[in-house]
Amino acid sequence: MDRIDDVHVSEPGLVVLDITARDEETAEAVMSRLDELWATSGVGLMRRVAGVPGVRARLYADIRRPGSPGPV
């Protein structure tokens with residue numbers, strides 16, 4: 001993963017979450033659910049690392065702000 005920039009955690013309530021899941025569908029489900037709870041960067045780019053199981057993704061969130069409404 002890329003280095004975490006100071007701006008991403010410059011205030012209380014800002015977080016950077018690194019997610020590792022077995023597959024893309026699971027990672028996407030987690031990021032979508034977090035987007036319903038908090039204001040996030042949304043479902044992001046997922047990466048596979050050769051020789052390492054699973055997929056990895058990074059999500060930026062502001063837990064002070066509510067997220068997007070879930071599907072109706």
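Let's begin at one end of the helix: leaving out residues up to four places away in sequence, L37 touches R65, P66 and G67. L37 itself lies in helix α1. With a relative accessibility of 38%, this leucine counts as partly exposed. Being close in sequence does not always go with being close in space here: L37 and G51 are 14 residues apart along the chain, yet their C-alpha atoms are separated by 33 Å. Keep in mind that what you're looking at is a predicted model.

**The overall picture**

Now zoom out. The protein chain has 1 helix and 3 strands, and from the N terminus on they come in the order β-α-β-β. The C-alpha trace spans about 35 × 35 × 15 Å along its principal axes. Of the 72 residues in the chain, 25% are buried. If you take the contacts with a separation of 6 or more, 59% of them are between residues 24 or more positions apart.

**The helix**

Helix α1 has 14 residues, and the distance from its first C-alpha to its last is 20 Å, close to the 20 Å expected at 1.5 Å a residue. Which residues of α1 are buried? They are A27, M31 and L34. Looking down the axis of α1, you'd find these buried residues within an arc of 60°, so they line one face of the helix. There's a handy rule behind that kind of pattern: an α-helix has 3.6 residues a turn, so residues three or four places apart point the same way.

What covers those buried residues? The cover includes β1, β2 and β3. For a close-up, take A27: setting aside its neighbours within four places in sequence, A27 is in contact with A21, M46 and V55. At the start of α1, a side-chain oxygen of D23 comes within 3.2 Å of the backbone nitrogen of E25.

**The core**

The largest nonpolar core is made of 8 residues: I19, A21, A27, M31, L34, V55, A57 and L59. Three elements, β1 (14–21), α1 (24–37) and β3 (55–66), each supply at least two residues of this core. You've already met A27, M31 and L34 as the buried residues of α1.

**How the strands pair up**

Next, the strands. β1 and β3 run antiparallel and are joined by 8 bridges. β2 and β3 also pair in the antiparallel sense, over 3 bridges. So far that's just counting, but you can pick out individual partners too: in β3, V16 is bridged to Y60, while A39 has D62 as its bridge partner.

D62 sits in strand β3. It may carry a charged-looking letter in the sequence, but where does D62 end up, buried or exposed? At 8% relative accessibility, D62 counts as buried. Its contacts, not counting residues up to four places away in sequence, are G13, L14, W38 and A39.

R58 is also placed in strand β3. At 11% relative accessibility, R58 counts as buried. R58 and D18 are 40 residues apart in sequence, but their C-alpha atoms are 4.5 Å apart in space. The side chains of R58 and D18 are joined by a polar contact of 2.6 Å.

One general point helps when you look at strands: in a regular strand the side chains alternate between the two faces of the sheet.

**Two more stops**

T40 is found in strand β2. Its side chain makes a polar contact of 2.7 Å with the side chain of D35. Not counting residues up to four places away in sequence, T40 touches L34, D35, L59, Y60 and A61. Among them, L34 and L59 are members of the largest nonpolar core.

V9 lies in the segment before β1. With a relative accessible area of 42%, V9 is partly exposed. Leaving out residues up to four places away in sequence, V9 touches L14 and V16. V9 and Y60 are 51 residues apart in sequence, and their C-alpha atoms are 9.1 Å apart.

Here are the accessibility values from this tour in one place:

| Residue | Relative accessibility | Class |
|---|---|---|
| V9 | 42% | partly exposed |
| L37 | 38% | partly exposed |
| R58 | 11% | buried |
| D62 | 8% | buried |

Methods
Residues are numbered from 1 along each chain as its sequence is written. This is a predicted model: local features need pLDDT of at least 70, side-chain atom pairs count only at pLDDT 80 or more; totals for chains, interfaces and linings use all residues. Side-chain values use heavy atoms; hydrogens and water are left out. A nonpolar core is a set of buried Ala, Val, Leu, Ile, Met, Phe, Trp, Tyr and Cys residues joined through side-chain atoms within 4.5 Å. Buried means under 20% relative accessible area, exposed over 50%, partly exposed in between (1.4 Å probe, protein chains only). Helices (H or I, at least four residues) and strands (E, at least two) are DSSP runs, numbered from the N terminus. Contact means heavy atoms within 4.5 Å. The expected span of a helix is 1.5 Å times one less than its number of residues. The arc is that of the directions from the helix axis to the C-beta atoms. A polar contact is a pair of N or O atoms within 3.5 Å; within protein, one must be able to donate a hydrogen and the other to accept it, and residues adjacent in sequence count only if both atoms are side-chain atoms. Two strands pair if DSSP finds at least two bridges between them.
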